[in-house]
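User: Hi! I have just started learning to read protein structures. Could you walk me through one, feature by feature?

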Amino acid sequence: MTQLPWNAKEATVGELSDRSGVPPSALRFYEREGLIRSRRTSGNQRRYSRDTLRRVAFIRVSQRVGIPLARIREVLGLLPEGRTPNRADWANVSECWRDDLNSRIAQLEQLRDHLTDCIGCGCLSIDKCQLANPHDALGEQGPGPRRLLGA
């Protein structure tokens, strides 16, 4: 494993991969998707600025909680170009997630609470199951899982 020196201003794709724990293929994908940037050397090799480590960590954590890549790209676009983001920059970006995360937490709590009867007893009782929808009667209310969405 290649260690990224503490004073390195740039990293190769291998160094960034080793330090971030993200495979090189994923780093190239993030770059194609506009989530991170690199410059090319005269030999056409990628070089990432050191602050890319924070962006990659942010991407990984955001993906882990289910934030779509398009939303991650949008929020990363708020970070400054040409300088390493500071604490205030990251605070601004993290504030963007507050509503998204609170909404996801509420959805997960509702899912947990409404599926307890079915999962707890294992019988998937038709009269208690939140997923039962004979003859698609809930389809008249719109698309998606109407009971779980609280519609």
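Analyst: Gladly! Let us start with surface: accessible areas come from the Shrake-Rupley method with a 1.4 Å probe. In this predicted model, the protein exposes about 10,100 Å², and carbon and sulfur atoms supply 52% of that area.

User: What share of the residues counts as buried?

Analyst: A residue is called buried when its relative accessible area is under 20%, and exposed when that value is over 50%. Here, 30% of the 151 residues count as buried.

User: How many helices and strands should I look for?

Analyst: You should find 5 helices and 3 strands. Going along the sequence, they come in the pattern β-α-α-β-β-α-α-α.

User: How do I read contacts between parts of the chain that are far apart in sequence?

Analyst: You can ask how many positions separate the two partners. Among contacts with a separation of 6 or more, 50% are between residues 24 or more positions apart. For one pair to look at, take Glu95 and Val75: they are 20 residues apart in sequence, and their C-alpha atoms are 9.9 Å apart in space.

User: Let us zoom in on one helix. What span should helix 3 have, and what does the model show?

Analyst: The expected span is 1.5 Å times one less than the number of residues. Helix 3 covers residues 52-64, which is 13 residues, so it should span 18 Å. Its end C-alpha atoms are 18 Å apart, which agrees.

User: Which residues of helix 3 are buried?

Analyst: They are Thr52, Leu53, Arg55, Val56, Phe58, Ile59 and Ser62. Just after this helix, look at the backbone as well: Gly66 takes a positive phi of about 90 degrees.

User: Where is there a positive phi at a residue that is not a glycine?

Analyst: Go to Asn44, which has a positive phi of about 65 degrees. Asn44 lies in the loop between strand 2 (39-40) and strand 3. Its relative accessibility is 52%, so Asn44 counts as exposed.

User: Now the inside. Which residues touch the most other members of the largest nonpolar core?

Analyst: A nonpolar core is a group of buried nonpolar residues joined through their side chains. The largest one here has 24 residues, and Leu27, Tyr30, Phe58 and Ile72 touch the most other members. Helix 2 (24-32), helix 3, helix 4 (69-76) and helix 5 (87-121) each supply at least two residues of this core.

User: What does Tyr30 touch, leaving out residues up to four places away in sequence?

Analyst: Tyr30 touches Val22, Leu35, Ile36, Val56, Ile59, Arg60 and Gln63. Val56 and Ile59 may look familiar, as they are among the buried residues of helix 3.

User: Which residues form a nonpolar patch on the surface?

Analyst: Val65, Leu101 and Ile105 form one, with about 220 Å² of accessible area together. Val65 sits in the loop between helix 3 and helix 4. With 42% relative accessibility, Val65 counts as partly exposed.

User: Next, charges. How many salt bridges does the structure hold?

Analyst: There are 7 salt bridges. One of them pairs Glu31 with Arg46, and the closest N and O atoms are 2.8 Å apart. This pair links distant parts of the chain, with Glu31 in helix 2 and Arg46 in strand 3 (residues 46-49), 15 residues apart.

User: Are Glu31 and Arg46 buried or partly exposed?

Analyst: Glu31 is buried, with a relative accessible area of 19%. Arg46, at 23% relative accessibility, counts as partly exposed.

User: Which salt bridge links helix 5 with helix 4?

Analyst: Asp100 forms a salt bridge with Arg71, and the closest N and O atoms are 2.9 Å apart. Asp100 is in helix 5 and Arg71 in helix 4, 29 residues apart. Asp100 is partly exposed, with a relative accessible area of 23%, and Arg71 is partly exposed, also with 23%.

User: How do I read a salt bridge inside a single helix?

Analyst: An α-helix has 3.6 residues a turn, so residues three or four places apart point the same way. In helix 5, Glu95 and Arg98 are 3 residues apart, so about one helical turn separates them. They form a salt bridge whose closest N and O atoms are 3.2 Å apart. Glu95 is partly exposed at 45% relative accessible area, and Arg98 counts as partly exposed at 48%. Salt bridges can also share partners: Arg71, Glu74 and Asp100 are joined into one network that way.

Methods
Residues numbered from 1 in each chain as written. Predicted model: local features only at pLDDT ≥ 70, side-chain atom pairs only at ≥ 80, totals over all residues. Heavy atoms only, no water. Helix = DSSP H or I, 4+ residues; strand = E, 2+ residues; numbered from the N terminus. Buried < 20%, exposed > 50% of the residue type's maximum accessible area, 1.4 Å probe, protein only. Core = buried A, V, L, I, M, F, W, Y, C linked by side-chain atoms within 4.5 Å. Contact = heavy atoms within 4.5 Å. Patch = residues over 30% accessible without salt bridge, like charges linked within 9 Å, V, L, I, M, F, W, Y side chains within 5 Å. Salt bridge = Lys/Arg side-chain N within 4 Å of Asp/Glu carboxyl O.
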